[in-house]
Amino acid sequence: MIPKLPPLADVLNLMPDAVCVVDADGRLLYVNASFEQILGYAPTEVLGRRIFELVHPDDRAA
């Protein structure tokens, strides 16, 4: 018997790396727990925003 896998979000929240999912327009759809720990942004602050809004203006051209 194949064991049932936990929901993907539960697995991603256990990862030590920041994980995010963006749509075709670059809007954040999902961030894991490490995203907040590493980058300092809570999900409520970033979900729905374009990921490039989080990049410092001096670094956007690169």
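This report describes a nonpolar core and two buried residues, Ser-34 and Asn-32, in a predicted model.

**The nonpolar core**

Five residues make up the largest nonpolar core: Leu-28, Val-31, Phe-35, Val-46 and Leu-54. Within this group, Val-46 has contacts with Leu-28, Val-31, Phe-35 and Leu-54, and Tyr-41 is also in contact with Val-46, when neighbours within four places in sequence are left aside.

**Asn-32**

Asn-32 is located in the loop between β2 (28–31) and α2. Its relative accessibility is 1%, and because buried means under 20%, Asn-32 counts as buried. The side chain of Asn-32 takes part in the two polar contacts listed below.

| Part of Asn-32 | Partner atom | Distance |
|---|---|---|
| Side chain of Asn-32 | Backbone oxygen of Asp-17 | 2.9 Å |
| Polar atom of the side chain of Asn-32 | Backbone nitrogen of Val-19 | 2.9 Å |

Asp-17 and Val-19 also appear among the residues that Asn-32 touches, together with Leu-12, Asn-13, Met-15 and Ala-18; residues up to four places away in sequence are not counted here.

**Ser-34**

Ser-34 belongs to helix α2, which spans residues 33–39. With a relative accessibility of 5%, Ser-34 counts as buried, because the limit for that class is under 20%. Not counting residues up to four places away in sequence, Ser-34 touches Met-15, Pro-16, Asp-17, Ala-18 and Leu-39.

**Partners of both residues**

Met-15, Asp-17 and Ala-18 are touched by Ser-34, and these three residues are touched by Asn-32 as well.

Technical notes
Residues numbered from 1 in each chain as written. Predicted model: local features only at pLDDT ≥ 70, side-chain atom pairs only at ≥ 80, totals over all residues. Heavy atoms only, no water. Core = buried A, V, L, I, M, F, W, Y, C linked by side-chain atoms within 4.5 Å. Buried < 20%, exposed > 50% of the residue type's maximum accessible area, 1.4 Å probe, protein only. Contact = heavy atoms within 4.5 Å. Helix = DSSP H or I, 4+ residues; strand = E, 2+ residues; numbered from the N terminus. Polar contact = N/O pair within 3.5 Å; in protein donor to acceptor, adjacent residues only side chain to side chain.
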